[in-house]
Amino acid sequence: MGPAVTSLTVLCLCSLGVNVLPAPTEESLPEVKKTRGDVPDILPEPEPEPTNALSDFENSYNYVLSRLAGMDQAIHKLNVGHYTLDVKVSQLLDSLSRMDAKVGELEDTIREAYHHSKDNRKEIGRLEGCQKGLRVGYKCYLVYNSYKDYAGASRKCLERGGRMAMPRDRKEQEALAHYVKSFFHPGNWPVWLGINDLRSEGLYLFDDGTQVTYFQWRKHFLSSQPDGGKRENCVAMSSDDGDWWDQYCDRNMNYLCEFDDRVAL
């Protein structure tokens, strides 16, 4: 279409009363876009919605209620856990109580077994003394070739159901002297007797606390006994002649036990 036709068309439109706008140029493009309602490059900030005091109170109230509900749930969980723990502790205490009772029963059983064992050792010792040793009347004597001090020898005799040998008259003394001599022949080894003056110097007592009335001290012009004074307070018998000597109580030597055999008779 040529320029003449275009001009003619414009004139026709003008005669009809139609407002004809000039053709847009590049400089007028932004204005055209705005008149057409196109979206601008920078959007305006949205206006805040109006609020009121009642809606703020409701929101705060609902928030507090939700927090209280959460706290109530947490407290409930704590109560459940506390109850469970209390049950476990109660069960543990019951178990400990039963265990304590069992331990008490076990201790009683051990104590009873110990007493039986102790009694058995004494009975075995008494039977051994009377089977292997020397019998004189209702007494049995046995030499133990084991080194002990006076207190240790006394303790060993008691553990075996006897006591340290305590010759109370000439008959028992002569029988013991012959037995000890034959036991250690041809050597000469002293053995402890159950006699001492530990309580009072010069007052000789048997191991059971009774006073000694018969003595077999060694009498010799070179070594008459007793000669130890307060230093030597325990009595031993020599195996070669059966004489008594006072000795240091902490000296280690063999010992002689006696056992009561009247039950067997």
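Arginine 135 forms a salt bridge with aspartate 261, with 2.0 Å between the closest N and O atoms; a salt bridge is taken here as a side-chain nitrogen of Lys or Arg within 4 Å of a carboxyl oxygen of Asp or Glu. This pair links distant parts of the chain, since arginine 135 sits in strand β1 and aspartate 261 in the segment after β8, 126 residues apart. Helices (H or I, at least four residues) and strands (E, at least two) are DSSP runs, numbered from the N terminus. The structure is a predicted model, in which local features need pLDDT of at least 70 and side-chain atom pairs count only at pLDDT 80 or more, while totals for chains, interfaces and linings use all residues. Residues are numbered from 1 along each chain as its sequence is written, and side-chain values use heavy atoms, with hydrogens and water left out.

The confidence of the prediction comes next. The protein has a mean pLDDT of 82, and 78% of its residues reach 70 or more; pLDDT is the predictor's confidence in each residue, from 0 to 100. Over residues 3–16 the pLDDT is below 50, and beyond near neighbours in sequence this stretch has three contacts in the model, a contact being heavy atoms within 4.5 Å. Where pLDDT is low, the predicted coordinates should not be read in detail.

To return to the charged pairs, the structure holds 14 salt bridges. In the pair described at the start, arginine 135 is partly exposed at 42% relative accessibility, whereas aspartate 261 is buried at 3%. Buried means under 20% relative accessible area, exposed over 50%, and partly exposed in between (1.4 Å probe, protein chains only). Lysine 139 forms a salt bridge with glutamate 258, the closest N and O atoms being 3.8 Å apart. Lysine 139 belongs to strand β2 and glutamate 258 to strand β8, so this salt bridge ties together parts that are 119 residues apart in sequence. Lysine 139 is buried, at 4% relative accessibility, and glutamate 258 is buried too, at 2%.

Another salt bridge joins arginine 163 and aspartate 208, whose closest N and O atoms are 3.8 Å apart. Here arginine 163 lies in strand β3 (residues 163–164) and aspartate 208 in the loop between β5 (203–206) and β6, 45 residues apart. Arginine 163 is partly exposed, with a relative accessible area of 32%, and aspartate 208 is partly exposed at 36%. A network of salt bridges links Lys139, Arg163, Arg168, Glu172, Asp208 and Glu258.

Glu172 leads on to helix α5. This helix (residues 170–184) has 15 residues and reaches 21 Å from its first C-alpha to its last, close to the 21 Å expected at 1.5 Å a residue; the expected span is 1.5 Å times one less than the number of residues. Glu172 is buried in α5, along with Gln173, Leu176, Ala177, Tyr179, Val180 and Phe184. The buried residues of the helix pack against β1 (134–136), β2, β4 (191–200), β6, β7 and β8. At the N-terminal end, aspartate 169 acts as a cap, with a side-chain oxygen 3.3 Å from the backbone nitrogen of lysine 171.

The covalent links complete the picture. A search of the whole structure finds three disulfides, each defined as a pair of cysteine sulfur atoms within 2.5 Å. With the bonded cysteines numbered in sequence order, the pairing is 1-2, 3-6, 4-5. Cysteine 130 is joined to cysteine 140 at an S to S distance of 2.1 Å. Cysteine 130 is in helix α3 (residues 53–132) and cysteine 140 in strand β2 (residues 139–148), ten residues apart. The torsion about their S-S bond is about 100°, so this disulfide is right-handed, and both cysteine 130 and cysteine 140 are buried.

Cysteine 157 and cysteine 257 form a disulfide with an S to S distance of 1.9 Å. Cysteine 157 lies in helix α4 (residues 150–159) and cysteine 257 in strand β8 (residues 253–260), so the bond ties together parts that are 100 residues apart in sequence. Its torsion is about -80°, so the disulfide is left-handed. Cysteine 157 is buried at 0% relative accessible area, and cysteine 257 is buried at 0% as well. A disulfide also joins cysteine 234 to cysteine 249 (S to S 1.9 Å). Cysteine 234 lies in strand β6 (residues 234–237) and cysteine 249 in the loop between β7 (244–247) and β8, 15 residues apart in sequence. This link is right-handed, with 95° about the S-S bond, and cysteine 234 is buried at 1% relative accessibility.

Methods: A polar contact is a pair of N or O atoms within 3.5 Å; within protein, one must be able to donate a hydrogen and the other to accept it, and residues adjacent in sequence count only if both atoms are side-chain atoms.
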